[in-house]
Amino acid sequence: MVQMTPFLLVLSLGLVASGLSAKKCVLTGRWINDLGSNMTIGPVNGKGEFSGSYHTAVTATTNEIQLSPLQGSQQRTNQRSQPTFGFTVNWSFSDSITVFTGQCFVDEKGKEVLKTMWLLRSHVDNIKNDWKATRVGINVFTRLPSQKE
């Protein structure tokens, strides 16, 4: 029995450690990206759909920045702890639209991070200018503290 105790201790520590690393990444909430833009994602429904709002910190227009609506979907297959997702922002202050796709991760410190890539499509007056109408980029979002804290 004495030799079994160290084995049980190691086994229980392994099980506890694996349980800690399985924290689920949740999209719902307030997020800020590396450029200072903020977004709020509402609850994800049973179909994986969500809505929210996006307030960009950057723009290529001279228009005043306004809060813009977003609509999206989260992959719900197997209810993964680090889901993939996508959403569209229909800019309220310009004739552009942006689609984001990414994955929600929990890093080694237990912090939730959204890694995304986006395509921004701007309106152009004719097909000859189509070549300059789409931009691509990446953003990393981190969770903002809840307003209750």
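Select Asp130 to begin. Asp130 is partly exposed, with a relative accessible area of 34%. The model you are looking at is a predicted one. Now add Arg121 to the selection. Asp130 and Arg121 form a salt bridge, and their closest N and O atoms are 2.6 Å apart. Arg121 is also partly exposed, at a relative accessible area of 34%. Side chains of opposite charge can pair when their charged atoms come close.

**The second salt bridge**

How many salt bridges are counted here? The count comes to 2. For the other pair, select Glu112 and Arg143, whose closest N and O atoms are 2.5 Å apart. Glu112 sits in strand β7 and Arg143 in strand β8, with their positions 31 residues apart in the sequence, so to speak a link between distant parts of the chain. To put that more exactly, Glu112 and Arg143 are 31 residues apart, and the pair links distant parts of the chain. Is each partner buried or exposed to some degree? Glu112 counts as buried because its relative accessibility is 10%, under the 20% limit for that label. Arg143 is partly exposed, with a relative accessible area of 28%.

**The whole chain**

Clear the selection and show the chain as a cartoon. The secondary structure comes to 1 helix and 8 strands. Followed along the sequence, the pattern is α-β-β-β-β-β-β-β-β. The chain has 149 residues, and 28% of them are buried. Next, switch on the surface. The chain exposes about 10000 Å², and carbon and sulfur atoms supply 58% of that area. Contacts can also be sorted by distance along the sequence. Of those with a separation of 6 or more, 41% are between residues 24 or more positions apart.

**The disulfide**

Which two residues form the disulfide? Select Cys25 and Cys104, whose sulfur atoms are 1.8 Å apart. The structure holds 1 disulfide. This pair links distant parts of the chain: Cys25 is in the loop between α1 (4-20) and β1 (29-33), while Cys104 is in strand β6, 79 residues apart from Cys25. Turn the view to look along the bond between the two sulfur atoms. The torsion about the S-S bond is about -70 degrees, so the disulfide is left-handed. Both Cys25 and Cys104 are buried.

**The nonpolar core**

Now select Met39, Tyr54, Phe87 and Leu114. In the largest nonpolar core, which has 20 residues, these four have the most contacts inside it. Colour β2 (38-41), β3 (49-55), β5 (84-90), β6 and β7 as well, since each supplies at least two residues of this core.

Keep Met39 on screen and show what is around it. Leaving aside neighbours within four places in sequence, Met39 is in contact with several residues, among them Tyr54, Phe87 and Leu114. Also in contact with Met39 are Gly29, Arg30, Trp31, Ser53, Leu70 and Phe141.

**Gly48 and Gln74**

Move to Gly48, in the loop between β2 and β3. Is Gly48 buried or exposed? Gly48 counts as buried because its relative accessibility is 2%. Add Gly72, which is 24 residues from Gly48 in sequence; the two C-alpha atoms are 8.3 Å apart in space. Beyond its neighbours within four places in sequence, Gly48 is in contact with Gly72, Ser73, Gln74 and Arg76.

From that list, select Gln74. Gln74 is in strand β4 (residues 68-74). Gln74 is buried, with a relative accessible area of 16%. Setting aside neighbours within four places in sequence, Gln74 is in contact with Gly48, as well as Leu27, Val44, Phe50, Pro83, Thr84 and Phe85.

**The nonpolar patch**

Return to the surface for the last stop. Which residues form a nonpolar patch there? Select Val99, Met117, Leu119, Val136 and Ile138, which together have about 460 Å² of accessible area. Two elements, β7 (112-122) and β8 (134-143), give two or more residues to the patch. Finish on Val99, whose place is in strand β6 (residues 96-106). Val99 is partly exposed, with a relative accessible area of 37%.

How values were computed:
Residues are numbered from 1 along each chain as its sequence is written. This is a predicted model: local features need pLDDT of at least 70, side-chain atom pairs count only at pLDDT 80 or more; totals for chains, interfaces and linings use all residues. Side-chain values use heavy atoms; hydrogens and water are left out. Patches are made of residues with over 30% relative accessible area and no salt bridge: like charges are joined within 9 Å, nonpolar side chains (Val, Leu, Ile, Met, Phe, Trp, Tyr) within 5 Å. Accessible areas come from the Shrake-Rupley method with a 1.4 Å probe; for residues, only the protein chains shown count as cover. A salt bridge is a side-chain nitrogen of Lys or Arg within 4 Å of a carboxyl oxygen of Asp or Glu. Helices (H or I, at least four residues) and strands (E, at least two) are DSSP runs, numbered from the N terminus. Buried means under 20% relative accessible area, exposed over 50%, partly exposed in between (1.4 Å probe, protein chains only). Contact means heavy atoms within 4.5 Å. A nonpolar core is a set of buried Ala, Val, Leu, Ile, Met, Phe, Trp, Tyr and Cys residues joined through side-chain atoms within 4.5 Å. A disulfide is a pair of cysteine sulfur atoms within 2.5 Å.
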